[in-house]
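Let's take a friendly tour of a protein chain, one topic at a time. Have a look at the picture, then follow the notes below it.

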Amino acid sequence: MKISILDDYHDTLRTLACFGKLQGHEVRIWNDHLQDSAALAERLKDTEALVLIRERTKIAAPLLERLPRLRLISQRSVYPHIDIEACTRLGIIVSSNMHAGTPSYATAELTWGLVIAAMRMIPQQMASLKAGTWQTGVGHTLRGKTLGVYSYGRIGAVVAGYAKAFGMHVLVWAREATLARARADGYAAAQSRDAFFAQCDVVSLHMRLVDATRGIVKAGDLARMKPTALLVNTSRAGLVEPGALVNALKAGRPAMAAVDVFEEEPLRDGRDPLLAMDNVVATPHIGYVSRDEYELQFSDIFDQIVAYAAGSPTNVVNPAAIGGRPAP
């Protein structure tokens with residue numbers, strides 16, 4: 001099969017052990033980012049199987065309709081960036097392992113790294129040292145403080161465990177069924193949403209971005225946070241009401257933010273308001289970007305291609321597309 005892999009920024013995938021699963025196939029890897037439909041259609045015109053790295057490229061109907069040879073899209077995790085209806089109509093199978101039982105430890109670890117970096121002002125202290133001015137400011141320790149986990153899913157549960165190891169109190173806010181799981185694991189549930197934002201020293205967001213969660217964190221929620229508190233977002237930027245975080249940081253509640261996600265990605269504008277603020281620690285959506293995590297993810301992704309080539313597609317999101325286009 002002719003396989004195309006998009007958005008492998010650092011040409012990492014060919015160096016993974018699991019890449020050997022594609023032996024015998026013709027593989028083309030693209031290291032830049034391209035979103036223009038016409039340009040992508042030209043790039044992918046001979047592609048039979050398309051590999052996506054999470055949500056880096058949107059795959060919409062205008063592009064799909066210009067790819068008559070495409071039969072399979074293989075990826076891992078959620079797929080809001082793919083027009084599933086168009087794929088089904090065109091007979092393109094979408095395979096995506098949802099890894100229901102396995103959290104992204106890489107994302108959980110980055111979340112904790114951002115918590116420590118922001119609370120101890122590590123980037124600012126590094127910049128001060130390099131500028132020859134020695135120390136700048138005084139940070140905060142974590143022991144005895146309260147971590148708020150907003151939505152207690154796979155990653156949120158791991159982050160809560162890290163907080164416990166650091167001697168923090170953990171407070172959870174989520175839907176009732178999710179709160180029940182948190183209580184069963186020994187964590188306290190906030191008495192109310194308002195109390196959750198008001199009581200926590202660190203609030204970390206851990207939920208998927210769907211219609212029901214878009215803009216779920218409002219300006220009023222942020223205004224209730226302590227003037228010493230930190231908001232952490234390694235999930236999706238759209239969880240926070242547009243403009244609310246920048247305005248809240250300017251107003252002093254919360255005091256700090258640590259973010260790994262942005263409304264537009266990849267973000268190439270260094271003038272973005274969040275990047276210009278001294279009380280923000282920001283990273284370029286690297287939560288899942290580690291060699292170990294890549295081995296896990298792409299082992300699944302490449303297995304899906306092998307299964308399709310053998311005539312037995314797996315983890316099919318749109319089973320109605322099976323048989324829609326003849327196998328190569």
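A residue counts as buried under 20% relative accessible area, as exposed over 50%, and as partly exposed in between. Gly243 has a relative accessibility of 43%, so it falls in the partly exposed group. Keep in mind that what you're looking at is a predicted model.

**The whole chain**

- The chain folds into 11 helices and 12 strands.
- Its radius of gyration is 22 Å, close to the 20 Å that the globule rule gives for 328 residues, so the chain is as compact as a globular protein of that length.
- If you lay the C-alpha trace along its principal axes, it spans about 60 × 50 × 35 Å.
- Of the 328 residues, 49% are buried.
- Take the contacts between residues at least 6 apart in sequence: 64% of them join residues at least 24 apart.
- The accessible surface adds up to about 15400 Å², and carbon and sulfur atoms account for 54% of that.

**Where Gly243 sits**

- You'll find Gly243 in the loop that runs between strand S10 (230-233) and helix H10 (244-251).
- Gly243 and Gln191 are 52 residues apart along the chain, and their C-alpha atoms are separated by 28 Å.

**The nonpolar cores**

- The largest nonpolar core has 29 residues, and Trp112, Val115, Leu147, Val172, Val202 and Leu230 are the ones with the most contacts inside it.
- Several elements chip in at least two residues each: H4, S6, H6, strand S7 (169-173), helix H7 (176-184), S10 and strand S11 (256-259).
- Which element gives the largest share of this core? That's H4, with 8 residues.
- Zoom in on Val115: setting aside neighbours within four places in sequence, Val115 touches Leu142, Val202, Leu230 and Val232.
- Another core, of 28 residues, lies apart from the largest one, and its members include Met225, Ala248, Leu249 and Leu274.

**Rings that meet rings**

- There are 9 aromatic pairs in the structure.
- Why is the pair of Trp112 and Tyr162 edge-to-face? Planes over 60 degrees apart count as edge-to-face, and these two rings have their planes at 65°, with centres 6.4 Å apart, so the pair gets that label.
- Trp112 belongs to helix H4 (residues 105-119) and Tyr162 to helix H6 (residues 154-165), so this pair ties together parts that are 50 residues apart in sequence.
- Trp112 is buried, with a relative accessible area of 6%, whereas Tyr162 comes in at 23% and is partly exposed.
- Tyr150 and Phe197 make another edge-to-face pair, 6.0 Å from centre to centre and with 75° between the planes.
- Tyr150 is in strand S6 (residues 146-150) and Phe197 in helix H8 (residues 193-199), so here the pair ties together parts that are 47 residues apart in sequence.
- Both Tyr150 and Phe197 are buried.
- Rings can also gather in a group: Phe19, Tyr294, Phe298 and Phe302 form one aromatic cluster.

**Charges over rings**

- What does the charged end of Arg54 sit over? It's the ring of Tyr288, at 4.9 Å from the ring's centre.
- Arg56 has a ring partner too: Arg56 lies over the face of Tyr9, 4.1 Å from the ring centre.

Notes
Residues numbered from 1 in each chain as written. Predicted model: local features only at pLDDT ≥ 70, side-chain atom pairs only at ≥ 80, totals over all residues. Heavy atoms only, no water. Phe/Tyr/Trp six-rings, centres within 6.5 Å; stacked < 30°, edge-to-face > 60°. Helix = DSSP H or I, 4+ residues; strand = E, 2+ residues; numbered from the N terminus. Buried < 20%, exposed > 50% of the residue type's maximum accessible area, 1.4 Å probe, protein only. Lys NZ or Arg CZ within 6 Å of the ring centre and 35° of its normal. Rg over C-alpha atoms; globule rule 2.2 N^0.38 Å. Contact = heavy atoms within 4.5 Å. Areas by Shrake-Rupley, 256 points an atom, 1.4 Å probe, with all protein chains shown as cover. Core = buried A, V, L, I, M, F, W, Y, C linked by side-chain atoms within 4.5 Å.
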